[in-house]
Amino acid sequence: MKLETIDWPLEGFVEAVRRSYGSETSAHAFRTLYLWKAEMELSLLCRPEFYAVRFGMRGENSWFFPYGEEEAVRAFLRERLEQTDGPCRLYYAQAKEIEKLEAWFPGRFDIRRAPEDDEYLYDRREQLELKGKPFRRQRHDLHRVQERYSPLVASIGPENINQCHQVLSAWKTRAHSYGQSGLMDVEAGETMLQNFSQLGIIGILVTVEGSPAAVAAGYPLTDSVFDLCVCQQITQDPEISTFARHALLQALEEEFREINGEEDLGIEGLRSLKEGLRPSRKIELYTCIQQL
């Protein structure tokens, strides 16, 4: 079994398979895999009919649920069940994939909900208009930032990429409170900035009184879904990142109707933040572990 490094020559193949599968999740997207490959020890198994992501951080026989042609996926999973290098573990599986897994291999997997992996989806128009009582807090935060700071917004580009690095570097000192998951999140953000052009990132930098204050950025997942992979502020004021997020949504092309806010990593503060932003729906995900 030949595993390959997640790098640009594989982008076209991975994205063609993922889009033909109709995926709107962030977890399996090439750009997400590229950003997290070092921190999560990811590598790829690519065959003509499918691809599978090996999740090295979780063990030798740990994988994201494979994407591709059903019989090829089924044959691959049968191979994994026969391995002797630990139980087969599958991550980021959706309900429709759980149904297939139980039909193919009844009783072979312990299937568990993984709420820390759930992806939060937001209706972009709703998030821009912020109408009604549910969005009262967000409206208050935006007005407060505008009145107190008079922030300026600029698209991220070569001329301000160093200022964006300053924001993430400052955030890194605060991320220790989130534990290892928080630090990994920062590392992925720094990888994004280092490969900004090649990844096709769309983002904004917020400055206050001439100093960098916040960064919000991401990339298209589908023709209508945008992945918001980074939204961090340099100050202790979380309302700045609320402003940055709203500014990015305003800057996007009209074709993007939903925003994928990614997972909360099981971090309670991050979960409260994402829930407080009023998601319109979630993509519920599961972990499946071979029963020995």
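Which residues of helix 4 (residues 95-104) are buried? In this predicted model, the buried residues of that helix are Glu97, Ile98, Leu101 and Trp104. Around the helix axis they cover an arc of only 130°, which places them on the same side of helix 4. A general property of helices helps here: an α-helix has 3.6 residues a turn, so residues three or four places apart point the same way. The face of helix 4 turned away from this buried side carries the exposed residues Glu99 and Ala103.

It is helpful to see what the buried side of helix 4 meets. Its buried residues pack against two helices and several strands by name: helix 1 (11-21) and helix 3 (70-81), together with strand 4 (67-68), strand 5 (89-93), strand 6 (109-113) and strand 14 (286-290).

A second place to look is a pair of helices. Two packed helices are described by the angle between their axes and the distance between the axes. For helix 6 (residues 136-149) and helix 10 (residues 238-251), the axes come within 9 Å and cross at roughly 100°. Angles of 65 to 115 degrees count as roughly perpendicular, and helix 6 and helix 10 are therefore roughly perpendicular to each other. On the helix 6 side, the contact is made by Gln138, Asp141, Leu142, Arg144, Val145, Gln146 and Tyr149. Their partners in helix 10 are Glu239, Ile240, Thr242, Phe243, Arg245 and His246. By character, the residues of this contact divide into five nonpolar, four polar and four charged.

The backbone also offers some points of interest. Most residues other than glycine have a negative phi, and most peptide bonds are trans. Tyr92 has a positive phi, near 60°, although it is a residue other than glycine. Tyr92 belongs to strand 5 and is buried, with a relative accessible area of 8%. Leu265 likewise has a positive phi near 60° and is a residue other than glycine. Leu265 sits in the loop between strand 12 (258-260) and helix 11 (268-276), where it is partly exposed at a relative accessible area of 24%.

Loops hold further residues worth a visit. Asp118 lies in the loop between strand 6 and strand 7 (119-123) and is buried, with a relative accessible area of 2%. The side chain of Asp118 reaches the backbone nitrogen of Leu285 at 2.9 Å. Neighbours within four places in sequence aside, Asp118 is in contact with Arg113, with Glu262, Glu263 and Asp264, and with Lys282, Ile283, Glu284 and Leu285.

Pro279 is found in the loop between helix 11 and strand 13 (281-283), and at 23% relative accessibility it counts as partly exposed. Apart from neighbours within four places in sequence, Pro279 is in contact with Tyr120, Leu121, Tyr122 and Lys274. Between Pro279 and Glu49 there are 34 Å in space, C-alpha to C-alpha, and the two are 230 residues apart in sequence.

Finally, Gln198 is a residue of helix 9 (residues 196-199). Gln198 is partly exposed, with a relative accessible area of 48%. The side chains of Gln198 and Trp8 are joined by a polar contact of 3.1 Å. The C-alpha atoms of Gln198 and His28 are separated by 18 Å, with their positions 170 residues apart along the chain.

Note on methods. Residues are numbered from 1 along each chain as its sequence is written. This is a predicted model: local features need pLDDT of at least 70, side-chain atom pairs count only at pLDDT 80 or more; totals for chains, interfaces and linings use all residues. Side-chain values use heavy atoms; hydrogens and water are left out. Buried means under 20% relative accessible area, exposed over 50%, partly exposed in between (1.4 Å probe, protein chains only). Helices (H or I, at least four residues) and strands (E, at least two) are DSSP runs, numbered from the N terminus. The arc is that of the directions from the helix axis to the C-beta atoms. Contact means heavy atoms within 4.5 Å. Axes are lines fitted to C-alpha atoms, for helices over the stretch in contact, and angles run from 0 to 180 degrees between N-to-C directions. Angles under 35 degrees count as roughly parallel, over 145 as roughly antiparallel, 65 to 115 as roughly perpendicular and the rest as oblique. Ala, Val, Leu, Ile, Met, Phe, Trp, Tyr, Cys and Pro count as nonpolar, Asp, Glu, Lys and Arg as charged, and the others, Gly among them, as polar. A polar contact is a pair of N or O atoms within 3.5 Å; within protein, one must be able to donate a hydrogen and the other to accept it, and residues adjacent in sequence count only if both atoms are side-chain atoms.
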